[in-house]
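Colleague: I am new to this model and would like a close look at one part of it, the charged side chains that pair up in its interior. Could you start from a single residue, to show how you describe a position, and then lead me to those pairs?

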Amino acid sequence: MGGTIEACCLQPIDVIKTRLQLDKAGKYKGIVDCGRQVVAEEGVRSLWKGLTPFATHLTLKYALRMGSNSMYQGVLRDRDGKLSDGGRLAAGFAAGITEALLVVTPFEVVKIRLQQQKGLDHHQLKYRNPIHCASTILREEGLRGMWSGATPTMMRNGTNQMCLFWAKNNVDKYLWGKHEGDGRQLTAAQSMTSGFTAAFLGPCATGPMDVIKTRMMAQGKKGSSSVQYSSMLDALIKIPQQEGIRALWRGLLPRLMRIPPGQAIVWAVSDQITGYFEQRELRKHPEFRPSTQS
C-alpha cells in the first residue's frame, strides 16, 4: 500500500526527472519549466505516464528490499548476533543488487520507454500501455532488452541501499537513542524523520549511475541508429565529453524531491511492524534485550 500511495503522489516528479535526464538539447530550463511544457504539449495526464509499472515495481521492490536485507544481515552477524557497520553496508549493497536484477530493471525499462514518449495521440505512440510496451520490447529486442541498463541499475541500487540502511540505523541512534533490537518502537513521526533524512545520501552518491541507467534504458535494440551508448563505461565517458560533467547529475533535484518523502512513508510503516515483532520477542525472551550503553 505504501508503494502505491508513493507512486500516485510522486509520479509527476519521476516523469520530470526522466525527461530532464534525456534532454540533451537543453529544451527544459528546470523542473517547473519541464512540468509546464509537458502539460502544455501533452496534457496533465502525461505527468502520470508509466504509473502502472512504477507502482507495481515500488511495491515489489520494497518487499524484496526489506526481506533480502534482513536475510543478508542475518548471514553477516557475528556469533553474538551483532552487526558491524561494514556488515550493514555489505547487506544493503547486496539487497540493492538483488532488487535491481529481479524487479527494478525490467519495470524501469517499461516505465522509461513510456515516459520518454511525447505527444497527445496515443494511436501514434509506439507503446500504447505497459503490457504493449513490454511485449514490443520482447519481440523487437529479445529478453535482454528488458534488462537494458542492468549494470548501472545494479550499481545505483546497491549503493543507494548501502547508504540508506547504514544511514537510517545511525540517524535512529543519534536522534532518538534507538538501537537495533532494543524493543523500543519509534513513533510514526520519528520514523518518517529518520527515513527522510537517511534517504538524502544515496541519490547524491548515485546521480551518474541514474543518468546512465536512464539513457541506456531509453535506447532501442543494439545495432540500431538510436543506440548511442554501448556500455556503462562508454556512457560514463561520452556524457561528460559531449554535455559536461554536470550532465551526470541531471535530475538530481527531482530525485531528492521524490525519494526522501517516499522513504519517509516506507519507514513509518516498516518501523511500526518491526517494533511490534521486536517487542513481542523480547517479552518472550527478556534475556535477549541488548544493552544500549554503546
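Modeller: With a relative accessibility of 4%, L248 counts as buried, a word used here for under 20% relative accessible area, with exposed meaning over 50% and partly exposed anything in between (1.4 Å probe, protein chains only). Please keep in mind that this is a predicted model, in which local features need pLDDT of at least 70 and side-chain atom pairs count only at pLDDT 80 or more, while totals for chains, interfaces and linings use all residues. Residues are numbered from 1 along each chain as its sequence is written, and side-chain values use heavy atoms, with hydrogens and water left out.

L248 sits in the loop that runs between α9 (232-243) and α10 (252-284); helices here are DSSP runs of H or I with at least four residues, strands are runs of E with at least two, and both are numbered from the N terminus. Setting aside neighbours within four places in sequence, L248 is in contact (heavy atoms within 4.5 Å) with G207, P208, V211, I212, L236, I239 and P240. Its C-alpha atom is 21 Å from that of G35, a residue 213 places away along the chain.

Before turning to the charged pairs, it helps to have the whole protein in view. The protein contains 10 helices and 0 strands, so that, to read it along the sequence, one meets the pattern α-α-α-α-α-α-α-α-α-α. Taken along the principal axes, the box filled by the C-alpha atoms is roughly 65 × 35 × 35 Å. Of the 294 residues, 49% are buried, and of the contacts between residues at least 6 apart in sequence, 75% join residues at least 24 apart.

Now to the part you asked about. Side chains of opposite charge can pair when their charged atoms come close. A salt bridge is counted here when a side-chain nitrogen of Lys or Arg is within 4 Å of a carboxyl oxygen of Asp or Glu, and a search of the whole structure finds 23 of them.

One of these links K111 with D14, at 2.7 Å from N to O. Because K111 belongs to helix α4 (residues 85-116) and D14 to helix α1 (residues 2-22), this pair ties together parts that are 97 residues apart in sequence. K111 is buried, at 1% relative accessibility, and D14 is buried too, with a value of 1%.

A residue worth following in more detail is K213, which is found in helix α8 and is buried with a relative accessible area of 0%. K213 forms a salt bridge with E108, in which the closest N and O atoms are 2.5 Å apart. Since K213 lies in helix α8 (residues 201-218) and E108 in helix α4, the pair ties together parts that are 105 residues apart in sequence. E108 is itself buried, with a relative accessible area of 4%.

K213 also forms a salt bridge with D210, and here the closest N and O atoms are 3.6 Å apart. This partner is in helix α8 as well, and because K213 and D210 are 3 residues apart there, about one helical turn separates them. Both K213 and D210 are buried. Through salt bridges that share partners, D14, K17, E108, K111, R156, D210, K213, R255 and R258 are joined into one network.

The surroundings of K213 can be listed as well: not counting residues up to four places away in sequence, K213 touches K17, E108, I112, G149, P152, T153 and R156. Among these neighbours, K17, E108 and R156 are also members of the salt-bridge network.

Another residue, P53, leads back to K111 from a different helix. P53 has its place in helix α3 (residues 51-76) and is buried, with a relative accessible area of 4%. Leaving out residues up to four places away in sequence, P53 touches F107, V110, K111, L114 and P130, and the K111 in that list is the residue whose side chain meets D14 in a salt bridge. The C-alpha atoms of P53 and V269, which are 216 residues apart along the chain, are separated by 22 Å.
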